[in-house]
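Welcome, and thanks for taking a look at this one. Please have the sequence and the model open beside you as you read.

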Amino acid sequence: SLYAAWLAFPPELVVESVIDKSKEFNSESRIKIKNNGKLAALDIKADADNVCARVGGATFQNCRIILGGNIVARLSGGESAEISVSPGFGFGEGMKIAEFSYVLTLKHRAKLFFFHKEFNKQWSVSLRNFKDGFAWHIVPA
């Protein structure tokens with residue numbers, strides 16, 4: 001019965017929304033993730049693949065950012081947390097990003113007594129700039 005519960009109630013991370021902290025500076029936006037599952041998601045880590053970015057005078061093409069540490073230690077069922085829209089990049093406050101796109105991979109694990117399992121989920125993230133603002137576009141990859 002424990003194994004059946006394990007299969008029926010795994011953690012399910014979803015991107016709930018993008019929160020724009022500033023109307024001018026797209027580097028200050030945050031991604032709101034939520035655990036729609038019943039079990040807690042533990043040790044959540046974010047990786048970015050196929051990073052293409054142009055910030056100031058720097059241009060990045062097909063880069064990969066692998067983070068070693070946890071961005072969220074525990075996210076119980078129904079809980080939400082905010083993560084940076086640019087994991088692994090250290091932008092100064094009030095920066096404008098000219099171009100930014102990547103594949104976000106959230107890695108986490110779940111534990112039920114002595115059962116352990118690791119999960120990965122991916123989203124495609126891209127930035128669109130307009131004359132009077134910006135918009136982040138996030139879809140499952």
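The report below goes from the whole chain to its aromatic residues, its cysteines and a few backbone details.

**The chain as a whole**

Please keep in mind that this is a predicted model. The protein chain has 1 helix and 9 strands, and reading along the sequence gives the pattern α-β-β-β-β-β-β-β-β-β. Its C-alpha atoms fill a box of roughly 55 × 25 × 25 Å along the principal axes. Of the 141 residues, 35% count as buried. The chain exposes about 8000 Å², and carbon and sulfur atoms supply 50% of that area.

How are the contacts spread along the sequence? Among contacts between residues at least 6 apart in sequence, 62% join residues at least 24 apart. As for charge, the chain carries 18 positive and 14 negative charges, and the mean positions of the two sets are 5 Å apart.

**Aromatic residues**

A search of the whole structure finds 4 aromatic pairs. Two of them are set out here.

| Pair | Centre to centre | Angle between planes | Geometry |
|---|---|---|---|
| Phe 89 and Phe 100 | 5.4 Å | 80 degrees | edge-to-face |
| Phe 100 and Trp 136 | 6.1 Å | 85 degrees | edge-to-face |

Why do these count as edge-to-face? The cut-off for that class is over 60 degrees between the planes, and the angle for Phe 89 and Phe 100 is 80 degrees, so the pair qualifies. The 85 degrees between Phe 100 and Trp 136 put that pair in the edge-to-face class too.

Which parts of the chain do the pairs bring together? Phe 89 lies in the loop between β6 (80-84) and β7 (99-112), while Phe 100 is in strand β7, so this pair ties together parts that are 11 residues apart in sequence. The other pair links distant parts of the chain: Phe 100 in strand β7 and Trp 136 in strand β9 (residues 133-140), 36 residues apart.

Are these residues buried or exposed? Phe 89 and Phe 100 are both buried. The relative accessibility of Phe 100 is 3%, and Trp 136 counts as buried because its value of 11% is under the 20% limit. Phe 100 and Trp 136 also belong to one aromatic cluster, together with Phe 60, Phe 89 and Tyr 102.

Tyr 3 takes us to helix α1 (residues 2-8). At 47% relative accessibility, Tyr 3 counts as partly exposed. Its C-alpha atom is separated by 8.1 Å from that of Phe 115, although the two residues are 112 apart along the chain.

**Cysteines**

How many disulfides does the structure hold? There are 0. Cys 52 is in no disulfide, and the nearest cysteine sulfur to its own is that of Cys 63, 7.6 Å away. Cys 63 is likewise in no disulfide. Because a disulfide requires sulfur atoms within 2.5 Å, the 7.6 Å between Cys 52 and Cys 63 leaves them unpaired. Cys 63 is partly exposed, with a relative accessible area of 27%.

**Positive phi values**

Two residues other than glycine are worth a look in your backbone plot. Asp 43, in strand β3 (residues 41-55), has a positive phi near 50 degrees. Its relative accessibility of 24% makes Asp 43 partly exposed. Asn 62 is found in strand β4 (residues 58-66) and has a positive phi of about 50 degrees. At 60% relative accessibility, Asn 62 counts as exposed.

Conventions:
Residues are numbered from 1 along each chain as its sequence is written. This is a predicted model: local features need pLDDT of at least 70, side-chain atom pairs count only at pLDDT 80 or more; totals for chains, interfaces and linings use all residues. Side-chain values use heavy atoms; hydrogens and water are left out. Rings of Phe, Tyr and Trp (its six-membered ring) pair if their centres lie within 6.5 Å; planes under 30 degrees apart count as stacked, over 60 as edge-to-face and the rest as tilted. Helices (H or I, at least four residues) and strands (E, at least two) are DSSP runs, numbered from the N terminus. Buried means under 20% relative accessible area, exposed over 50%, partly exposed in between (1.4 Å probe, protein chains only). Contact means heavy atoms within 4.5 Å. Accessible areas come from the Shrake-Rupley method with a 1.4 Å probe; for residues, only the protein chains shown count as cover. Lys and Arg count as positive and Asp and Glu as negative; His and the chain ends are not counted. The place of a charge is taken as NZ of Lys, CZ of Arg, CG of Asp or CD of Glu.
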